[in-house]
Protein chains: 2
Amino acid sequence: MTTDTHPKQVIVEGSGFVVGGIAKGAAMLAPNMATMLAILTTDAAVDAAVLQSALRAAVDESFNELTIDGCTSTNDTVIALASGLAAPATLEQLTAALSEACRDLAHQMAADAEGGTKVVRVTVTGATDDASATAGARRIADANLVKCSWYGADPNWGRVVSELGSAGITFDLATVSVSYGPHTVCVNGTAAAHDVEAVAAYLSGKEIELICDLGLGSGRGSVLSADLTHGYIDENMGLS
Amino acid sequence: MTTDTHPKQVIVEGSGFVVGGIAKGAAMLAPNMATMLAILTTDAAVDAAVLQSALRAAVDESFNELTIDGCTSTNDTVIALASGLAAPATLEQLTAALSEACRDLAHQMAADAEGGTKVVRVTVTGATDDASATAGARRIADANLVKCSWYGADPNWGRVVSELGSAGITFDLATVSVSYGPHTVCVNGTAAAHDVEAVAAYLSGKEIELICDLGLGSGRGSVLSADLTHGYIDENMGLS
């Protein structure tokens with residue numbers, strides 16, 4: 001059911017070792033790695049426990065931040081293999097290299113999302129805690145009305161704020177701000193003066209940053225997603 | 001942001017009284033009446049407390065079972081007004097008439113869903129409890145992959161079962177069955193022999209029943225929804 005038209009691969013140079021990765025996946029990627037397959041390899045000399053710890057940390061901030069259509073799958077796999085032929089690596093070194101590789105592959109998946117025309121990073125800051133921020137970001141990224149507005153390059157912050165307000169997290173409209181990249185379109189829950197043409201140009205790009213500050217605390221969370229398009233429907237309405 | 005191209009109205013004859021209703025709403029209708037407005041009127045002679053109780057019961061099994069795109073709104077209203085000019089009505093009589101009116105209006109909203117080409121009633125039976133059944137039904141109805149398959153008249157029961165399995169409810173693949181109307185396409189978690197052309201013809205209709213039996217208990221829940229189409233994207237990608 002998932003089409004995957006592009007090979008996804010990455011090579012990251014560590015300090016005295018190399019990490020390589022390949023992956024597949026284009027939809028059904030939420031919330032935890034679903035319908036994807038990734039294999040990481042390294043020549044670093046590490047034991048299995050260190051490799052496992054590094055992989056878990058790397059996956060949490062990459063594949064587990066993906067959501068294309070909010071749908072999950074019944075199957076997903078991420079494997080890391082180490083040959084031990086190169087230099088020893090510390091947990092920190094290995095985590096850094098694996099994280100870079102996994103983030104790169106996750107971005108490649110979002111860029112290859114079924115029907116997607118742009119990659120959107122949704123970040124929520126100022127939440128009461130990190131879990132609330134992540135829940136808010138995921139709520140936004142999975143909202144069809146928001147995803148359609150990305151497709152149409154429409155800075156529809158009302159839809160964004162509406163999703164934050166219905167996400168089940170601590171929320172106060174009076175302290176919310178919303179920015180698309182450098183363009184702030186909502187401050188304290190009301191429209192902010194902005195250059196309409198510049199915002200439209202920004203939203204017509206292939207890489208969009210949506211930042212929402214709740215103005216309540218220091219909680220922060222982020223997800224990587226894509227827009228909802230005619231192409232997504234074309235790919236998924238047919239007999240499988 | 002919500003377009004509403006058709007007036008929605010209903011008249012229900014009670015025993016010695018009449019209930020009339022009008023409503024608007026075409027999207028952002030989940031989970032609790034969001035972005036809708038409905039006004040019910042009756043000439044029944046009832047006091048305010050009875051009218052409130054009857055209305056609450058009627059709304060729970062009509063508007064609160066709607067989900068078009070999983071999105072909610074920040075505003076919704078259902079009001080009932082009674083003139084007292086006709087016969088007295090018991091709570092049961094009034095609830096029955098109001099429920100019929102609200103169900104009718106809710107169905108009209110689903111039929112007018114943004115871009116929707118068909119109304120789909122998703123019912124989950126055999127759950128461990130009613131709340132689990134409703135959660136499962138809502139999960140299915142809000143899944144973009146499932147909604148696209150409805151649009152394409154594709155009896156993709158794998159996507160349906162996948163949503164049930166990731167809904168966070170008690171679930172056993174070995175006891176699940178899935179039927180589209182009279183056509184059973186999955187039994188005990190595997191494909192069931194069915195008449196492909198007859199299923200395709202059924203799914204091409206304007207009214208679809210999707211019934212999933214979890215085979216675990218007596219819990220039952222149901223939601224009313226619509227398919228996800230090119231038209232939905234057309235309506236929601238533009239500048240509002």
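This briefing walks through how chain B and chain A of the structure above fit together.

The model is predicted: local features need pLDDT of at least 70, side-chain atom pairs count only at pLDDT 80 or more, and totals for chains, interfaces and linings use all residues. Residues are numbered from 1 along each chain as its sequence is written, chains are lettered from A in the order in which they are written, and side-chain values use heavy atoms, with hydrogens and water left out.

**Confidence**
- Chain A has a mean pLDDT of 90 (the predictor's confidence in each residue, from 0 to 100), and 92% of its residues reach 70 or more.
- For the model, ipTM is 0.84 and pTM is 0.87.

**Where the chains meet**
- Contact (heavy atoms within 4.5 Å) joins 36 residues of chain B to 36 residues of chain A.
- Together the two chains bury about 2800 Å², with 59% of it on carbon and sulfur atoms; buried area is the accessible area (1.4 Å probe) that two parts lose on being put together, summed over both.
- On the chain B side, the most area is lost to chain A by Leu145(B), Ile233(B) and Met237(B), together 20% of what that side buries.
- Helix 4 (144-151), helix 5 (157-165) and helix 7 (230-237) of chain B each give two or more residues to the side that touches chain A; helices here are DSSP runs (H or I, at least four residues), numbered from the N terminus.
- Helix 7 of chain B provides the largest share of that side, six residues.

**Pairs across the interface**
- How many salt bridges are there between chain B and chain A? The count is zero, where a salt bridge is a side-chain nitrogen of Lys or Arg within 4 Å of a carboxyl oxygen of Asp or Glu.
- Over all chains, the structure holds eight salt bridges.
- One of them joins the side chains of Arg103(A) and Glu61(A), at 2.3 Å from N to O.

**Symmetry**
- Chain B superposes on chain A after a rotation of 180° with 0.0 Å of shift along its axis (RMSD 0.0 Å). The two copies are thus related as by a two-fold rotation axis. The superposition is by least squares on the C-alpha atoms of residues with pLDDT of at least 70 in both.
- Which residue of chain B comes closest to the rotation axis? It is His230(B), with its C-alpha at 2.8 Å.
- The copies meet through the same surface, because 100% of the interface residues of chain B are also interface residues in chain A.
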